[in-house]
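Colleague: I'm new to this one and would like a close look at a single part. Could you pick one chain, take me through how it is put together, and then zoom in on one piece of it?

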Amino acid sequence: MTPQSKPKSKPRRYGMVIDVDRCTGCGGCMTACAAENNVAPSDSRATARTGLTPMLVHRVTREGRTAFLPVTCMQCENETPCVTVCPQQAVELDKATGIVTQMPQRCFGCRYCMTACAYHARYFNWWDPVWPPGMERTLNPGVAVRMRGVVEKCNFCHGRLHEAEDKAAAEGLASVNPADYRPVCVEACPTRAITFGDLNEPASEVSLAAKGPEAFRLLARLGTEPKIYYSSKREWVRDLAERGPVERREARRG
Amino acid sequence: MASSALTDSRWIARGIDRSAAGPFALWLTPWFVLLALGVYAAWRCLYYGLGETNMDNRFAFGLWIFLDLAIIALGAGAFFTGFLVYLMRIKELKAVLNSAVVLGFICYSGAVAVLAIDVGQPMRAWFTFWHPNTHSMLTEVTFCISLYLAVLAFEYVPLVLKNRRLRKTTSFLVFEHHMHIVVPVLAAVGTLLSFFHQGSLGGLYGVLRGRPFAFREGFSIWPTTFFLFILSAIAVGPSFLILTTRLVEKITGKKLVPRTVFEKLGFISGLLLALYVAAKSVDTLIWLNVTSPAAGFAPWEHYAYRPYGLWLMAAEIGLFGLLPAALLLYRKTRERGVWLLTGAALACCGVMLNRFVLTVQTLALPTLAFDEFMQYMPNWQEVATFGGVVAYGVILYSISYRYLPLFPKERELAAESREEVNHVSER
Amino acid sequence: MSKTRRDILALGGGLAAGIVFTPVPWKILDDASIWTQNWPWIPQPVKGPVEWKESACTMCPAGCGLKVKMAGGYVVGLSGKDGALCALGYGAHQMNFHPRRLRVVYRDGRPSTWEAAEAAFRKACEEGPVAVVDGRPSRSVSRAYQAWAAATKGMSYFVARAPEEAALVPLARLAGAPVEELAYDLEKTKLVLSLNAPLLEGWGGPQRVQRLWPELKIVQAESAKSRTGDCAWQRVSIRPGSEAALAMAVAYVLIDEKLAPATSPRPPKTAADHARDAGVELNTVLEIARALAANRPAVVIGREPEPAVAALNILLGAVGATGGVVRRGPVSGAFQSMDEMPTGLRAAILDSTVPHDHQPSGDAERFRFTAWRGEDEKGWLLPAPGFLEENPDGAGDALLKPPEGVRTLAAFLGVEVKAIESRPVAAERPLTCRLAAWPQPASSASPPADWTGPWTPAVLPPLSGKLYQESALFPAPEKGLLA
Amino acid sequence: MLRPLLLFLAGLAAAQIAGWYGFPRVLYTTHAQPFEYRHKTHAVKSGSTECDGCHTLRPDGVFAGLPNTESCAACHPEAQGTTKAEATFVKDFVTTEKEVPWLVRARQPANVRFSHAIHTKRAALKCERCHGRDGETDTVRPYQQNRISGYSRDIWGQSISRLRRAPNEGMKMDDCESCHKERGFVTGCLGCHR
């Protein structure tokens, strides 16, 4: 078979739209993510600042009103900060899928990417991962366990992408069936707050939602073109996209 | 004691005065204790992982990176003096050149040692050479620093071979002589490498698009911090040489370098510092009015969190910038030892403050609307590891000072002072 | 320099220079970094091809359908069969290896043996009377317990009621219907007035209200801040223990504004007085009452059994109406609740489905079957099969093999479990209820002061929230969310 | 001056011998397989020469790898022949319902994702491309393990220099990459790592 005649899938740009108005902060996505991606129980010395939460729900209150914002890797597309700073190509913007991939086995733990990320969506393995005796038998074989001293983050559940690709190959399809692949947080949301799909497909649910009038992105003015969108009917929630007068007032007081 | 002093004296150059081996060993003892503590702390970090430190996901860089940046800036005296001596032909600075090389070697090797502990997987560090990401400032830093450390080691070798005992081996003497021919070449290579890594250390922060406090526009691929770091490093390098040399003179009670050399160094430092302050001020104004607002951040917002207030900027530009520049440029103050030292000390503090602000304040400030301002405090493991590096530096310098001709003018000055017993240099 | 020293230097130099041109340093460099990528002390997933099986979750009575990912004979992942699972469900397979997993018999906190437990139970049965308590009465195995209890002298069968079911007891009394047959028809409700009920924190099963929430208007009257309050359409702060007062204030306004039948009995005090008791403005009560009337079908849900809540629901016309409280049945028959246990029981033997905070009253000797150790357990703790280690129905095969030393209650009692072939379909039945007079309010109905959520015991049988928080799934506590 | 030069050269030569000849022998440990297995005999007896007769690829793209004891027991419920290996298999594994702890020489580490579905179906590669003629052998080679990295020797390849090796020899990332490059198929890290 020559390279030309091979069924080639066209490049995808996986992205998400998170409807903030539907998030109840139940934490289902966080735990599902931890189980799917073999995140070890937090070390007894770990704090909120040294834990591993590739998916993290923030509780935000403003003047008595509350919103929950799930924050994960934003899969930045333009001059992706973590990709450009990594000295040894352990982070990559995958051309085929648009996923910003973190390869823990290449990473040497300099943590420069963590200082580069505006969303604090990257986590360092400060300790060796330890499971209670026997619990290692529940590890997901689709995802490699990380060792201490490396950085990790959301890879859009690459283990699930691999399974979907294998299935597509076995069925003789050129590309992944969209129904076969969605990250576990999308599946784990009881209120279906997260829409996932290919932003290159103009008619996909996610593309339409991302173009909606209520859609916004966090810190879009930094110019990194994140592929995680948020949407809310509430204006004060949309204002959380950037630091505004409220935050500045807080800052002055702090 | 007496016999050990006897054996030791065969290694010390003729015509210069060194303390007996006993007191020298006594001087080294506390530093060896500190070194041992540092080695223990470093071992804990390597064996148990970096959870041993107080760094966290937000403060991914901490005390170590800040001090690494600081000592690399201060160690810039090594390449810059080489540059001044061999390329600018300012021959009188040769009086401090050997000392500068040793200081540079200590600063750089110490920094590399701390980095090896700071990274989570030191055994994979060579991946940077095998799979380099050419877009990364850190790649540039890694390549330049490791090559420059090799250059410094090469510059160190002839110095070692000048030892009284080693000179007795003819092949060493021949080797050393040949090395002398390449030293100017090494100085040129070192200058080039140093320019790039001092710059790319600044670039390290300037490219952080996600951290509006640090992010700067620039020329081509280099943000303005690239040039500011070069300028500030070469500005304080000579100042650091003044400080360390004066400190050695004070401790040993000897005159090692002619006064005029200090003044020359002070003038160069002051001139460059003035240039740096001017450039830094322009850069700050552009950042406050253009770069930061474009990213959606009000300029003063970065200084709204205590203790990182506007006073930091004022201190950096005024107290640690303009003031030392003035002290070092103005002939009357420069010629007064106290003011020269004050100026040099302020300049060194200034560059440390600058590196601190870029490392710690950058990470402490919130970016997302629902972020928090965070504080960080190093723990004993971090402090002790660095203390170990300081101890290593003191030990290596002490040994070098004792056995190697760090200050070629020392013998001459000693003879002079013996002649003019009554004349005592100001204390 | 001596001659030998020079020779050694030359030879050593040759070796050092030569070794650079062999694979030794380079291969060692490469292998050493590969070693760091596969450190022997880092656990590895089990090997073997992946298979998907189906089952049901046993972590709470909701019993969500599961798709189970298996490899090498172990469960390596879970997925919901129809919709999402909850936060606990996604890691339920890890619970079998939780440090609190019970593997040996305990008596009063000390290790003991099955033989000793059997002897003690035999003795208790001889002395009688003994209660057998079940957490999920609709299973095949429950049928076997019931039959066994009925056939054995001195033996009686009780169920442990979930808090949301227990909260319906006052209404069931007023309506004269068994509480097992009453249910909230929330799927068709437009507005819920919740009095401290943890609607989004596991009430009625972890996912039930979550799924309805985007379209459901929740008015949360609460005395402790909760996530339900955060997400509610309206949040009202009330004084602890004043649920009844607020219910009566709202009822008063409903009658006053002719939003309820004029013939309804009025609460004992005026709306303003009840509002003051509840610590809310009268205006707020007015708004709540008008919202209830404008957004029908509406229903009121209390956290604890509160007669005033039942009365308000009757006034609102929510009893027996679509979107209110309806009667479905017969589901599985009426049972005696554990709360109504007679005193003077000799012993109680509890199935592993009974939540740990359900304790038999009095000094009955406790025989608790459970897969995990709770806090401060008096009596016997008997290790039961864990997650998916027994069939969720109690009859048929399990996906996982239970560890050594684990037994089921059915095996312990020696009862034979037959799978129920056909189950009655829950059909809607009429439910009518009239309010003759205002009932006496219950003493206190507020959450305890130390209640922090988000996982109430209601969602986490057989364990309290602590187990979840100690589990592998619990991420490092992050600011705000779980505080 | 001749003596030091000669000694230097001697050191140089000794290093070459030790590095090229001694080192590979020290680096690897050799482990015997649980019992003898003959691919050739099985192909003749079962009448199937296709690899996927036993090493199946499921329709959902999951490669089943080595057949489990249960499927072997379909033909070997009890010893069919007289070999010692078969007797061992029946006695130690079939009757006890245990899986055979084969030492798989081609096993990649957990961080590598290799899809048999993509390589054999979509790219239509023959098994021999990577596994060589393992399917026609009369014996299973012992497993050689690298003392430092813990990898099977087959990952690096038999030749320590990795020069002039057979096309199917070596399963390092470089080998995957060069084959991909030849076929014009370039993928990111995520393509082959998990």
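Modeller: Let's start with who touches whom in chain C: of the contacts between residues at least 6 apart in sequence, 65% join residues at least 24 apart. Keep in mind that this is a predicted model. The chain itself has 483 residues, and 57% of them are buried. As for what it is built from, chain C holds 14 helices and 18 strands. Its accessible surface is about 20400 Å², with 53% of that belonging to carbon and sulfur atoms.

Now for the close-up. Look at the open sheet of 3 strands in chain C, where the order is β1-β2-β3 and the pairing is antiparallel. At its edges sit β1 (50-56) and β3 (74-80) of chain C, each of which pairs on one side only. Going from one strand to the next, the twist averages 30°. In general, strands of a sheet pair through backbone hydrogen bonds, either parallel or antiparallel.

Let's zoom in further, on β1 and β2 of chain C. Strand β2 covers residues 65-71, and 7 bridges join β1(C) to β2(C), with the two running antiparallel. If you want one spot to find on screen, go to Lys53(C): its bridge partner in β2(C) is Val68(C). So that you can place that pair, remember the strand order, β1-β2-β3 in chain C, with β1(C) as one of the edge strands.

Key:
Residues numbered from 1 in each chain as written. Chains lettered and ligands numbered in written order. Predicted model: local features only at pLDDT ≥ 70, side-chain atom pairs only at ≥ 80, totals over all residues. Heavy atoms only, no water. Helix = DSSP H or I, 4+ residues; strand = E, 2+ residues; numbered from the N terminus. Buried < 20%, exposed > 50% of the residue type's maximum accessible area, 1.4 Å probe, protein only. Contact = heavy atoms within 4.5 Å. Areas by Shrake-Rupley, 256 points an atom, 1.4 Å probe, with all protein chains shown as cover. Pairing = 2+ DSSP bridges. Axes fitted to C-alpha atoms, helices over the stretch in contact; angles between N-to-C directions.
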